[in-house]
Amino acid sequence: MSVRSNQKLKLTFLGHAAVLLEGSKTLLIDPFFTNNPQAVFGIEKLPKIDFVLPTHDHFDHLGDAVEIAKRHQATIIAIHEITQLPSVLESKVKTVGMNIGGTYHADGINISMTPAVHSSTAGSPCGFVVEFNGKRIYHAGDTALFSDMGLIPKLFGKLDIALLPIGGHYVMDPKQAAMAAKLLKPKLAIPIHYNTWPVIQADPKEFSRLSRPIKTQVLSPSEFITL
Ligand code: NI
Ligand code: MN
């Protein structure tokens with residue numbers, strides 16, 4: 001399905017792996033606010049959210065997904081097993097359970113689930129390719145480096161943005177994330193999931209240097225770009 005629009009898309013980094021996408025609809029990926037040392041505001045300050053996209057059920061990704069979905073009557077789009085967690089079922093929030101390889105089409109938005117090499121309790125961890133407002137954004141979730149990342153732009157088309165974890169220990173480090181950037185060849189790569197805690201200390205400048213000639217931009221929590 002092609003996605004065309006002249007409307008601008010606003011991407012805001014909210015600390016750790018949390019990313020807000022505001023266009024024709026508002027999407028929130030990995031909504032970790034409560035106890036997130038990088039969170040600059042709490043969930044009460046969020047704009048109206050339509051879709052919440054947790055990449056997996058680790059606390060720093062599933063985060064406040066249920067509470068936000070409840071407040072905003074938003075839909076949680078996640079791997080099937082997350083939608084079946086007792087905490088999610090009991091909350092009665094709207095959910096769309098899907099799986100890796102699938103694409104959910106809603107209101108002119110394509111949300112595709114991509115693999116991630118990581119662990120989780122409920123189902124498999126994933127990444128997302130989100131297409132709307134004429135832009136294509138890839139959020140890798142928590143993952144190690146894998147060569148099939150190179151298939152993502154071949155399958156979906158040129159990526160405008162790739163959001164890549166660089167903190168090491170649980171995910172890619174700057175060297176691996178730079179190699180991922182070279183496989184993905186986005187117009188712009190943005191580092192995420194680093195310096196939240198000492199165990200994931202990483203230098204985003206090292207990521208930027210190693211990623212050349214891929215363009216990178218380091219966003220501070222609450223900083224945004226307009227596409
Ligand atoms: Ni994780
Ligand atoms: Mn994580």
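Which residues coordinate the nickel ion (ligand 1)? In this predicted model, the job falls to His56 (NE2), His58 (ND1), His118 (NE2) and Asp142 (OD), at 2.2 Å. Written out along the sequence, these donor residues follow the spacing H-x1-H-x59-H-x23-D. His118 sits in the loop between β8 and β9, while Asp142 sits in the loop between β10 and α5, so this pair ties together parts that are 24 residues apart in sequence. As for geometry, the four donor atoms around the nickel ion subtend angles of 90 to 173°, which makes the arrangement irregular. For reference, the ideal angle for four tetrahedral donors at a metal is 109.5 degrees.

A second metal comes next. The manganese ion (ligand 2) is held by Asp60 (OD), His61 (NE2), Asp142 (OD) and His193 (NE2), at 2.1 to 2.3 Å. The spacing of these donors in sequence reads D-H-x80-D-x50-H. Asp142 turns up in both donor lists: this residue bridges the nickel ion and the manganese ion, which lie 3.3 Å apart. How accessible are the donors? Asp142 has a relative accessible area of 2%, so this residue counts as buried. Asp60 and His61 are buried too. His118, on the other hand, has 23% relative accessibility and therefore counts as partly exposed.

Now for the chain as a whole. There are seven helices and 13 strands in it. Its radius of gyration is 16 Å, close to the 17 Å that the globule rule gives for 227 residues, so the chain is as compact as a globular protein of that length. Taken along the principal axes, the C-alpha atoms fill a box of roughly 45 × 40 × 30 Å. Of the 227 residues, 55% count as buried. Among the contacts with a separation of 6 or more, 62% come from residues 24 or more positions apart.

The strands offer a good place to look at burial in detail. Strand β9 (residues 126-132) is mostly covered, with seven of its seven residues buried. In a regular strand the side chains alternate between the two faces of the sheet. On one side of β9 are Cys126, Phe128, Val130 and Phe132, on the other are Gly127, Val129 and Glu131, and both sets are buried. Strand β9 also has partners. With β8 (residues 109-115), it pairs in the antiparallel sense over six bridges, and Asn110 stands opposite Glu131 of β9. With β10 (residues 135-139), the pairing is again antiparallel, this time through five bridges. Here Glu131 stands opposite Arg136 in β10. The β9 and β10 strands form a hairpin with two residues between them, and Asn133 in the turn has a positive phi of about 55°.

What about the helices? In α6 (residues 174-184), the buried residues are Pro174, Ala177, Ala178, Ala180, Ala181 and Leu184. Seen down the helix axis, they fall within an arc of 155°, so they line one face of α6. The general idea is simple: an α-helix has 3.6 residues a turn, so residues three or four places apart point the same way. The cover over the buried residues of α6 includes β10, α5 (151-156), β11 (161-165), β12 (188-192) and α7 (204-211). Just past the end of α6, Lys185 takes a positive phi of about 45°.

One residue of α6 deserves its own look. Ala180 lies in this helix and counts as buried because its relative accessibility is 0%. Leaving aside residues up to four places away in sequence, Ala180 touches Leu145, Met149, Leu164 and Met172. Lys92 is another story: Ala180 and Lys92 are 88 residues apart in sequence and 38 Å apart in space, C-alpha to C-alpha.

Helix α2 (residues 65-72) can be described along the lines used for α6. Its buried residues are Ala65, Val66, Ile68, Ala69 and His72. Viewed down the axis of α2, these residues fall within an arc of 165°, so they line one face of the helix. Among the elements that cover them are β3 (26-29), β4 (51-53), α1 (59-62), β5 (75-79) and α4 (86-91). Just after α2 comes Gln73, with a positive phi of about 50°.

Technical notes
Residues are numbered from 1 along each chain as its sequence is written. Chains are lettered from A and ligands numbered from 1 in the order in which they are written. This is a predicted model: local features need pLDDT of at least 70, side-chain atom pairs count only at pLDDT 80 or more; totals for chains, interfaces and linings use all residues. Side-chain values use heavy atoms; hydrogens and water are left out. Donors are N, O and S atoms within 2.8 Å of the metal (3.2 Å for Na, K and Ca); water is not among the atoms, so sites may look incomplete. Buried means under 20% relative accessible area, exposed over 50%, partly exposed in between (1.4 Å probe, protein chains only). Helices (H or I, at least four residues) and strands (E, at least two) are DSSP runs, numbered from the N terminus. Two strands pair if DSSP finds at least two bridges between them. The arc is that of the directions from the helix axis to the C-beta atoms. Contact means heavy atoms within 4.5 Å. Four donors count as tetrahedral if all angles lie between 85 and 135 degrees; four count as square planar and six as octahedral if opposite donors are over 155 degrees apart and all others between 65 and 115; anything else is irregular. The radius of gyration is taken over C-alpha atoms; the globule rule is 2.2 Å times the number of residues to the power 0.38.
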